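Here's a quick look at a ligand and the protein around it. Have the structure open while you read.

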Amino acid sequence: MSQNPASPPALHGRRILLGVTGGIAAYKAADLVRRLMEAGAEVQVVMTASALHFVGATTFQALSGKSVRSSLWDEAAEAAMGHIELARWPDLILIAPATANFIAKLAHGAADDLLSTLCLATDKPIAVAPAMNRLMWANVATQDNVATLQRRGIAILGPGAGFQACGETGEGRMREPLDLRADVAALLSRGPLTGVRAVVTAGPTREPLDPVRFLTNRSSGKQGYAVAAALRDLGATVTLISGPTNLAAPAGVQRIDIETAQQMLEASLTAAAQADLFVAAAAVADYKAAEIATQKIKKKDAELSLPLARTEDVLARVRAAFPALFLVGFAAETEKLEEHARGKLARKGLDLIAANWVGEGQAFDQEDNSLTVFARDGGSQTIASASKAEVARQLAAMIAERLSRA
Ligand code: CTP
């Protein structure tokens, strides 16, 4: 099949294992195969038993040029390519359509048919395009399962909203084949950070005072999440260590949830051991309760003073443990931006520090941000005020450029 000039180059020569599960949107998966093939991808279709009730294997076989796999017990197929080999074959596993049942199986690690077994036996990225009735999608069980998959770094593509085959209108429609193709191309893009493993910290920390109270700050996590997404878009494999926020993990990013500065430190040291790049965008509390009261602190008429103790500096500890890691910090300042930011750069042994003005309605919990980035070698660059996504995109490009020279 010739390559369509309008199709995304990231797919050329890439191997996609397309898992088709049993929903009416399975008929659209046939078009998806065509679209992926047009873009130069190699596609191996694996169908579940219920998918075979909707569309015949022959359709997919004719479109993909490969015999369709659907059973763990097909001796001839297993002899040609065993299921473990099959799990290692693709650059990406895409489940489209993914039924509520298949999402539940994936969330719970079930391996009772070929497709679920492949998903458990692979170390390749997995993307899921849900397709189901709107009430099944909205069900707390499904939403919990989807959240579990997102936390593991599985990309959730869609669903879209609109008219459904069951006659209802709402959220739960599978994304259109061309949209899914663009999603897959983005997930497989070989940007300048391909092969780079990045860790990003984001959000506030929460330091308990007693069983019902804590110290925290106004960080929304938006800038850090945007940095994680921007690094992913350049091809990095991203782990996001996040304090409590209201944000969903960007698709394809693995999120580790923490609450306290100490938990952020532990998660960071573990993740940094496997990383090439560490970006600390979190607003880590500098102080915690010297002792956490075991019972609720009762009010009295007199003033109350609570002794606070310093938390550990995550960045400084990460630098001490991993001298070769490329380290990027953030500095939030209300005065003497350059002087303070450069002081932190030197003290914490950073490669870059992204400084911004805070207070008076700037940065914290806002949609826009601007940054001045100072480098270890004395250079600096300014990123003019823009959405946090745009600022993150420019910061990620600077990081990629510096990393390539490091
Ligand atoms: N940071 C960290 N661990 C801490 C505190 C901060 O890793 N315990 C990181 C932040 O993620 C950020 C940078 O260090 O990248 C911020 O530096 P810091 O000196 O802590 O900034 P402020 O808290 O603003 O410090 P100061 O009170 O000195 O202005």
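What follows is a short tour of the ligand site, with a brief stop at the aromatic rings.

Keep in mind that this is a predicted model. The ligand has 14 residues around it, and the protein covers 76% of the 580 Å² of accessible area that the ligand has on its own.

**Who sits around the ligand**
- Among the 14 residues of the shell, the ones that come nearest are Ala280, Ala282, Glu312, Val314 and Phe330.
- Sorted by class, the shell has seven nonpolar residues, five charged ones and two polar ones.

**Which elements supply the shell**
- Three elements each bring at least two residues to the shell: helix H13 (314–321), strand E16 (326–333) and helix H14 (337–348).
- Strand E16 gives the most, with three residues.

**Backbone contacts to ligand oxygen**
- Ala280 has a backbone N or O atom 2.7 Å from an oxygen atom of the ligand.
- Ala282 also puts a polar backbone atom 2.7 Å from a ligand oxygen.
- For Leu315, the distance from a backbone N or O atom to an oxygen atom of the ligand is 2.9 Å.
- Ala280 and Ala282 also turn up in the list of residues that come nearest to the ligand.

**Aromatic rings**
- If you go looking for aromatic pairs, a search of the whole structure turns up zero.
- Tyr287 does have a charged partner: Arg310 lies over the face of its ring, at 5.6 Å from the ring centre.

Key: Residues are numbered from 1 along each chain as its sequence is written. This is a predicted model: local features need pLDDT of at least 70, side-chain atom pairs count only at pLDDT 80 or more; totals for chains, interfaces and linings use all residues. Side-chain values use heavy atoms; hydrogens and water are left out. A residue is near a molecule or strand if one of its heavy atoms lies within 4 Å of it. A polar contact is a pair of N or O atoms within 3.5 Å; within protein, one must be able to donate a hydrogen and the other to accept it, and residues adjacent in sequence count only if both atoms are side-chain atoms. Accessible areas come from the Shrake-Rupley method with a 1.4 Å probe; for residues, only the protein chains shown count as cover. Helices (H or I, at least four residues) and strands (E, at least two) are DSSP runs, numbered from the N terminus. Ala, Val, Leu, Ile, Met, Phe, Trp, Tyr, Cys and Pro count as nonpolar, Asp, Glu, Lys and Arg as charged, and the others, Gly among them, as polar. Rings of Phe, Tyr and Trp (its six-membered ring) pair if their centres lie within 6.5 Å; planes under 30 degrees apart count as stacked, over 60 as edge-to-face and the rest as tilted. A charge sits over a ring if NZ of Lys or CZ of Arg is within 6 Å of the ring centre and within 35 degrees of the ring normal.
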